[in-house]
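Here is a short tour for anyone who likes to see how two chains fit together. Have a look at the model first, and then read on.

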Protein chains: 2
Amino acid sequence: MIFKDSAYKKIEDIVGSEYCSRAKEETVCYSYDASASGYYPDAVVFPGNTSEVSSILKLACIEGFFVIPRGSGSGMTGGSVPVMGGVVIAMNRFNRIIEIDTDNFTASVEPGVITAQFHREVEKLNLFYPPDPSSSEFSTLGGNLAECAGGPRAVKYGVTRDYVLGLEAVLPTGEVIKTGVKTAKGVVGYDLTRLFIGSEGTLGIITQITVKLLPLPDSVETITASFFELEKAAGTVSEIIRQGIVPRTIEFMDKESIKCVEKYLDTSIAVNASALLIIEVDGRSDEVKSSIIRLKELCIETGANDVRIAGSKEETALIWKARKAVSPALFTYAPDKINEDIVVPRSKIPDMVRKINSIRIKTGLTIASFGHAGDGNIHFNIMLDKKNREELKKAEAAVEELFDYTIELGGTISGEHGIGITKAAYMTKEIGPVEIELMRNIKKLFDPKGILNPGKIFSEH
Amino acid sequence: MIFKDSAYKKIEDIVGSEYCSRAKEETVCYSYDASASGYYPDAVVFPGNTSEVSSILKLACIEGFFVIPRGSGSGMTGGSVPVMGGVVIAMNRFNRIIEIDTDNFTASVEPGVITAQFHREVEKLNLFYPPDPSSSEFSTLGGNLAECAGGPRAVKYGVTRDYVLGLEAVLPTGEVIKTGVKTAKGVVGYDLTRLFIGSEGTLGIITQITVKLLPLPDSVETITASFFELEKAAGTVSEIIRQGIVPRTIEFMDKESIKCVEKYLDTSIAVNASALLIIEVDGRSDEVKSSIIRLKELCIETGANDVRIAGSKEETALIWKARKAVSPALFTYAPDKINEDIVVPRSKIPDMVRKINSIRIKTGLTIASFGHAGDGNIHFNIMLDKKNREELKKAEAAVEELFDYTIELGGTISGEHGIGITKAAYMTKEIGPVEIELMRNIKKLFDPKGILNPGKIFSEH
């Protein structure tokens, strides 16, 4: 669609000229996310309130331009990139924590609030917001909702969906709606709240969020277990849960991830190991202490060659620094990354790591795996140079094979990154034609003119 | 719509004549739920598998008859009653627990499984399915999903919505869909799973359910605290959570409920008290023991006149027998009951109980309140003789006033019973016209011919 000068002038009237731009040096900042780049918007706009968002969407319906909502642009599947041009609505000014209700354990926040900043604010009040995607230091709550972000703590605490009570959102038609409740329970009408969560900004623009909070756990302890054999590490994950222990986190790093991050950070985390588990337990301190001892014994029984209980905050911080550095560190292997976040039933992790290994051997590709093993959520990363056509072809075939095997094991092709543009072509592997048609019709119902975040989720093929 | 003999013959062909009936003595059993009666279906049919359900819905679209799905008919708002006639699809034959996966803590079940039966089966394997509506001994999992049932344990564990991973369902068009995943995480496409949960059987008929399970807590202990002053009991609820203790249950009974059930069961649970709290803590046994001691001290500080720790399984069973008997016992006061399940933010419970009391005094109506105070979920029951027109009018005005006050306090008019027919007229108090229109359009999208469970949720006015 052509973006007319007259439309831009009207946008200036809505938000003020200081809060929008068409300059290339500005729009370039909104042309990419963590997975894709080169999609320039026609303009970027920074609305300051719900009414302005509504006016822009109404204008888009009249003038016929695309609108793409954006948090921090840290998504992994292209959810916020303007693949067909249009106007990026950057939600940065929606950055207020409106209320933290310490009596009712709820908070009202705007979608542009940075997740980790929100964590810190509620934790000051001895409260706890569990969802913690690895991007939490820069991703926004609105983006987390749009993709239904997970993160390491989901083993015990679930994902973003499980913490959202209600929303204010602007529909593509410009109408403002409120969904859900501010209370612990509520079943009045259809669950529009959860329809928005994970809809990747295609059904409306979230302008306010009510979440539930928990009491902050008294104590958190971290243990690492390194294994000479990858499959023993994978088997340990199931065994932990089978024993009735529910850590808040069971993270996993394979040999390539460990080696890469050790070099990147010039540190040593699990020398010569084929796999590392990072397990975190939280709760009351006496309970945590006894769980950690049980976990240490269990990991030794299941074949760990080295088990360490983090003895200080610094040590714990270092472990997490290493874990969170894996993703960026992998770029030392190659300039490009194909990053998938499959999930398999926990008990199938050994099968999946075996499969990944066999593909690595068969193809010669550089593949590093890490992720949230406690959920069966494995991030496998193929490091390559996409300009190398042959390598790219091999990588794409590998992804296809791994997705097929994921489905065969009863899993899903995306645990927390969403479909966006990068997985749209694979969606039919998991979702049948009737279901896709239903979803497309829901999209049409919400967005009859097709102006909001086009080209996402649904493949054109 | 007229139900034709020829349509009935075709239903007989689909399920076999032993699995359907038009006999009055049979259809009468499907003419009511726990809130409404006198709505006779034209026929009742007991399909044995998904394909039969699909065939019946396809037939309904062609022949033009209404279809009303039904679990045990224990709903509180008329969700399963055939208000416009038609064919009741009784899901009783969908009663298999297909799989309990002890490695991955999931289960696949059919919707006709009785909730408490499912509890018992998973508990044998040391697993735990938290949602436990008071009707659990007779309600079905499918019905629980349709209404998004809650129950006492929701304080700590959340509601039905939080435990469903995926579904198989038959759309009103007869098409069979699968939604969601069998894994801990999954974000592929729109969240159709949660759109079905709480949709009161208006969007499709659930034929299979995948739920997540938790490890069974080692230990559960129960404490009761009786109060001479109702408001002190109400204030205690907030104080418990504020202290960072999360019991799995904080139940509440007011004076009328206590008196009534003591007489009904010929027992004594809290003589002369104005309010009783029943608090249950679960977890590891050492942790539970220390929480119970803290709770006992706290209740004494906040003004309880008597606090008792249940010393045996029998004692605990008696407490719960009393709590669960409140609802039926109330019929000793009057032949009819208007039963609402409002929710307010926990900290507003004292305001709400004060309001209920003032209405009781003002109107002279018999009102008993009890419920899940930990969630702010109060069941207020007006006991009356509906044939007494004047009393009925007064009761309806009282409901209206209490609903208005609920909304004013930031609450919701239904925490777990749904809208059905009994609350349809009040829905606009909570949900705006744009949101209702959106919901109606979703309904139309799923059910273009309007054959499935008509007359529910959306008021005709």
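Buried area is the accessible area, taken with a 1.4 Å probe, that two parts lose on being put together, summed over both. For chain B and chain A of this predicted model, that area is about 6200 Å², and carbon and sulfur atoms give 62% of it.

## How the two chains meet

How many residues does the contact take from each chain? It takes 78 residues from chain B and 78 residues from chain A. Chain B is superposed on chain A by a rotation of 180 degrees, with 0.0 Å of shift along the axis and an RMSD of 0.0 Å. That is the relation of a two-fold axis. The interface residues tell a matching story: 100% of those in chain B are also interface residues in chain A, so the copies meet through the same surface.

Polar groups take part in this contact as well. Between chain B and chain A there are 27 residue pairs in polar contact, with both residues at pLDDT 80 or more. Several elements of chain B each supply at least two residues of the side that touches chain A: strand 9 (176-180), helix 7 (192-196), helix 8 (230-242), helix 10 (285-301) and helix 14 (433-446). Helix 14 of chain B gives the largest share of that side, with 9 residues. The count of salt bridges between chain B and chain A is 8. For a pair to look up in the viewer, try B:Glu416 and A:Lys185, whose side chains meet in a salt bridge at 2.9 Å, N to O.

## Salt bridges over all chains

Over all chains, the count comes to 68 salt bridges. Here are some pairs with both partners in one chain.

| Pair | Distance, N to O |
|---|---|
| A:Lys4 and A:Glu63 | 3.3 Å |
| B:Glu121 and B:Lys124 | 3.1 Å |
| B:Lys443 and B:Asp447 | 2.8 Å |

The side chains of A:Lys4 and A:Glu63 meet in a salt bridge. A:Lys4 lies in the segment before helix 1 (5-15) of chain A and A:Glu63 in helix 3 (residues 50-63), so the pair ties together parts that are 59 residues apart in sequence. A:Lys4 is partly exposed at 38% relative accessibility, whereas A:Glu63 is buried at 13%.

B:Glu121 and B:Lys124 are 3 residues apart in helix 4 of chain B, which means that about one helical turn separates them. B:Glu121 is partly exposed, with a relative accessible area of 23%, and B:Lys124 is exposed, at 62%.

Are B:Lys443 and B:Asp447 buried or exposed? Both B:Lys443 and B:Asp447 are buried.

Salt bridges can also be followed from residue to residue in chain A, where A:Lys156, A:Arg248, A:Glu280 and A:Asp282 are linked in a network.

## Inside the chains

Which residues touch the most other members of the largest nonpolar core? Of its 186 residues, they are A:Phe118, A:Phe446, B:Phe118 and B:Phe446. Leaving out residues up to four places away in sequence, A:Phe118 touches A:Ile97, A:Ala107, A:Val109, A:Val113, A:Tyr129, A:Leu141, A:Val211 and A:Leu213.

Another phenylalanine to visit is A:Phe252, in strand 13 (residues 249-254) of chain A. A:Phe252 is buried, with a relative accessible area of 2%. With the same sequence neighbours left out, the residues that A:Phe252 touches include A:Leu230, A:Leu277, A:Val353 and A:Phe370. The C-alpha atoms of A:Phe252 and A:Asp5 are separated by 51 Å, and the two residues are 247 residues apart along the chain.

A charged residue can be buried too. B:Glu110, in the loop between strand 6 (106-109) and helix 4 (115-124) of chain B, is buried, with a relative accessible area of 8%. Among the residues that B:Glu110 touches are B:Arg93, B:Arg96 and B:Thr207.

## Two loop residues with positive phi

A:Asn126 has a positive phi of about 65 degrees although it is not a glycine. A:Asn126 sits in the loop between helix 4 (115-124) and strand 7 (127-128) of chain A and is exposed, with a relative accessible area of 51%.

B:Cys148, also not a glycine, has a positive phi of about 55 degrees. The loop that holds B:Cys148 runs between helix 5 (141-147) and helix 6 (154-157) of chain B. At 3% relative accessibility, B:Cys148 is buried.

Definitions and conventions
Residues numbered from 1 in each chain as written. Chains lettered and ligands numbered in written order. Predicted model: local features only at pLDDT ≥ 70, side-chain atom pairs only at ≥ 80, totals over all residues. Heavy atoms only, no water. Least-squares fit on C-alpha atoms with pLDDT ≥ 70 in both. Contact = heavy atoms within 4.5 Å. Core = buried A, V, L, I, M, F, W, Y, C linked by side-chain atoms within 4.5 Å. Buried < 20%, exposed > 50% of the residue type's maximum accessible area, 1.4 Å probe, protein only. Salt bridge = Lys/Arg side-chain N within 4 Å of Asp/Glu carboxyl O. Polar contact = N/O pair within 3.5 Å; in protein donor to acceptor, adjacent residues only side chain to side chain. Helix = DSSP H or I, 4+ residues; strand = E, 2+ residues; numbered from the N terminus.
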